[in-house]
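Work through the exercises below with the structure in view. Each task is followed by a solution in steps.

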Amino acid sequence: MKKSSSNKEDYLKAVYENNGIHEFVSNKTLANSLGVSPASVTEMVEKLQNDGLINYKPYTGVKLTEEGLTKTVGIIRNHRIVETFLFDKLGYSLHDLHNLSEELEHVKDPVFFSRLFEFLGSPETCPHGGIIP
């Protein structure tokens, strides 16, 4: 079972991936995106708002705050660095690296990701072509 902080990070990514930087994302969209119940979304939205990571408007949805955006971009960066490592150095296929990267992106050691990024030669993109922020 994932830790609460990992779940929070998954919610932040779902908001980001559903254009939650520029517009409000409905709880229904998040529930569908994450495969969870609307009640679970409501509970997590309250936690994320209390943490200052999202703005919530009842009957409208959620949007990332600046702090939420910064945190989410960091999670995406970590994910893409791990994908690059798994693909380039460990020979994982494009098909197999996403799920493992989903787990490893939640490691709470920024020095690890900085060193891994440098070890990889400071790549600009991940194996899927996404920009590494």
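Lys-13 is buried, at a relative accessible area of 6%; buried means under 20% relative accessible area, exposed over 50%, and partly exposed in between (1.4 Å probe, protein chains only). This is a predicted model, in which local features need pLDDT of at least 70 and side-chain atom pairs count only at pLDDT 80 or more, while totals for chains, interfaces and linings use all residues. Residues are numbered from 1 along each chain as its sequence is written, and side-chain values use heavy atoms, with hydrogens and water left out.

**Exercise 1.** Find the residue with which Lys-13 forms a salt bridge in the loop between helix 5 and helix 6.

Step 1. A salt bridge is a side-chain nitrogen of Lys or Arg within 4 Å of a carboxyl oxygen of Asp or Glu.
Step 2. Lys-13 pairs with Glu-105, and their closest N and O atoms are 2.8 Å apart.
Step 3. Lys-13 belongs to helix 1 and Glu-105 to the loop between helix 5 and helix 6 (110-119), 92 residues apart. Helices are DSSP runs (H or I, at least four residues), numbered from the N terminus, and strands are E runs of at least two.
Step 4. Glu-105 counts as buried, at 2% relative accessibility.

**Exercise 2.** Determine which parts the salt bridge of Glu-9 and Lys-71 ties together.

Step 1. The N to O distance of this pair is 3.8 Å.
Step 2. Glu-9 lies in helix 1 (residues 4-17) and Lys-71 in helix 4 (residues 66-88), so the bridge ties together parts 62 residues apart in sequence.
Step 3. Glu-9 is buried at 4% relative accessibility, whereas Lys-71 is partly exposed at 37%.
Step 4. Glu-9, Lys-71 and Lys-108 are linked in a salt-bridge network.
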